[in-house]
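The report below is meant for a reader meeting this structure for the first time. Please keep the sequence and the 3D view at hand while reading.

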Amino acid sequence: MSKWELFCKAFKWKTVLSGLSTTVQIAVFGLCIGILIGTIVAVSKVIPSRNKFVKAWAAVNSGYVWLFRGTPVVVQLLLTHFALFPLMGLQLGSINEALLIFGLNSGAYVSEIMRSGILSVDKGQMEAGRSLGISYPVTMGSVVLPQAVKNILPTIGNEFIALVKETSVVSFIAVMDLTRVFQNIGKANYEYFVPYAMLAVFYLAIVTVITILIRVLEKQLRRSDTRGEDGADYDLVGKPRWKARWIRMKMRWSDSRKRLRERCHRPSRLEVGLEKYLQAKAAAAEQTEDRL
């Protein structure tokens, strides 16, 4: 029998789909947990406060990021599954342990991504919200964070793709993921070329779908982008009252700045000289016509 026939004989769709669902489940829930933890850690790092509790909390978050970014995810899985959880008497199950570890690991990376996105937003956005009497948490959550997420969306997509590929190590703790399924198919006939080649095709397909979804989401966010001076309309329908007020204030500020720029505009020497030259030329043309 050929290699392909041996592979088709051992291939079972139900087992493969079960492993695929496990892989996607770990990646998706790991990213959701990572975004939640990463956002909390990032906000705690950018809060300008002199409170000792806030500073201590930021220091703890920095230690968390240092720990999970400095150790491989395989070591974290093995340490928690074979050492830490047995000592604590916890029995969460292999899949739940993988979800927890991947969420914590992703949160360490997402926190730095989110922090850079928050710092990339203009400080005037926060100042405008605070000048309207909006509290710091509401301004951060409704004004700054949406703009930060839009800026870091491609990087979050890369993190999701990396999570999908890193799930191949959960077989170390006996999780039946996509990689483990194809390993078992190869063990059935001691023929590994076709199973591993098909495993690569499955991962390529998953990554391609994620890439397309990220691009579609980026296009949708670009369409909903609102600008002031470039002529785009502000959509105030369905917006909260405070947000509509903030947008109107931006429009008024943009219009007043434009009018002030027109009033205070001083022509340069070249413009003054060119204007005098054109006036003299027009006067000379008029004199010539009068003589004729």
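In this predicted model, the structure holds two aromatic pairs. In one of them, the ring centres of Y64 and F68 lie 5.1 Å apart and the ring planes stand at 55 degrees, so the pair is tilted; planes under 30 degrees apart would count as stacked, and planes over 60 degrees apart as edge-to-face. Y64 and F68 are four residues apart in helix α3 (residues 52–70), which means that about one helical turn separates them, and both Y64 and F68 are buried. The other pair is formed by F182 and F202, whose ring centres are 5.4 Å apart with planes at 55 degrees, so this pair is tilted too. This pair links distant parts of the chain, since F182 belongs to helix α8 (residues 178–189) and F202 to helix α9 (residues 193–223), with their positions 20 residues apart. Both F182 and F202 are buried.

The two pairs can be set out side by side.

| Pair | Distance between ring centres | Angle between planes |
|---|---|---|
| Y64 and F68 | 5.1 Å | 55 degrees |
| F182 and F202 | 5.4 Å | 55 degrees |

F182 leads on to the nonpolar interior. In soluble globular proteins, nonpolar side chains tend to be buried together. Here the largest nonpolar core has 31 residues, and those with the most contacts inside it are V16, L77, F102, L178 and F182. Two or more residues of this core come from each of α2 (13–46), α4 (73–88), α5, α7 (136–166), α8 and α9, and α9 gives the most, with seven residues. Apart from this core lies another one, of 15 residues, which includes V110, I118, V121 and I152.

Helix α5 (residues 94–120), one of the contributors to the largest core, can also be checked for its length. With 27 residues at 1.5 Å a residue, α5 should span 39 Å, and because its end C-alpha atoms are 39 Å apart, the expected and modelled spans agree. Even so, α5 has a kink of about 25 degrees, centred on A108. Confidence within the chain is highest in α5, at a mean pLDDT of 90.

A polar residue can also be followed in helix α4, where Q76 is found. Q76 has a relative accessibility of 8% and therefore counts as buried, the cut-off for that word being under 20%. Leaving aside residues up to four places away in sequence, Q76 touches L67, F68, T71, I101 and N105; among these contacts is F68, a member of the tilted pair with Y64.

Two loops call for a closer look at the backbone. A174, in the loop between α7 and α8, has a phi near 65 degrees, a positive value in a residue other than glycine, and at 59% relative accessibility A174 counts as exposed. Y190, in the loop between α8 and α9, likewise is not a glycine and has a positive phi, of about 55 degrees. With a relative accessible area of 69%, Y190 is exposed.

Which helix has the lowest confidence in the chain? It is α10 (residues 241–263), at a mean pLDDT of 64. For the chain, the mean pLDDT is 80, and 80% of the residues reach 70 or more. Over residues 226–234 pLDDT stays under 50, and for this stretch the model has twelve contacts beyond four places in sequence.

How values were computed:
Residues are numbered from 1 along each chain as its sequence is written. Side-chain values use heavy atoms; hydrogens and water are left out. Rings of Phe, Tyr and Trp (its six-membered ring) pair if their centres lie within 6.5 Å; planes under 30 degrees apart count as stacked, over 60 as edge-to-face and the rest as tilted. Buried means under 20% relative accessible area, exposed over 50%, partly exposed in between (1.4 Å probe, protein chains only). The expected span of a helix is 1.5 Å times one less than its number of residues. The bend at a residue is the angle between axes fitted to the seven residues ending there and the seven starting there. A nonpolar core is a set of buried Ala, Val, Leu, Ile, Met, Phe, Trp, Tyr and Cys residues joined through side-chain atoms within 4.5 Å. pLDDT is the predictor's confidence in each residue, from 0 to 100. Contact means heavy atoms within 4.5 Å.
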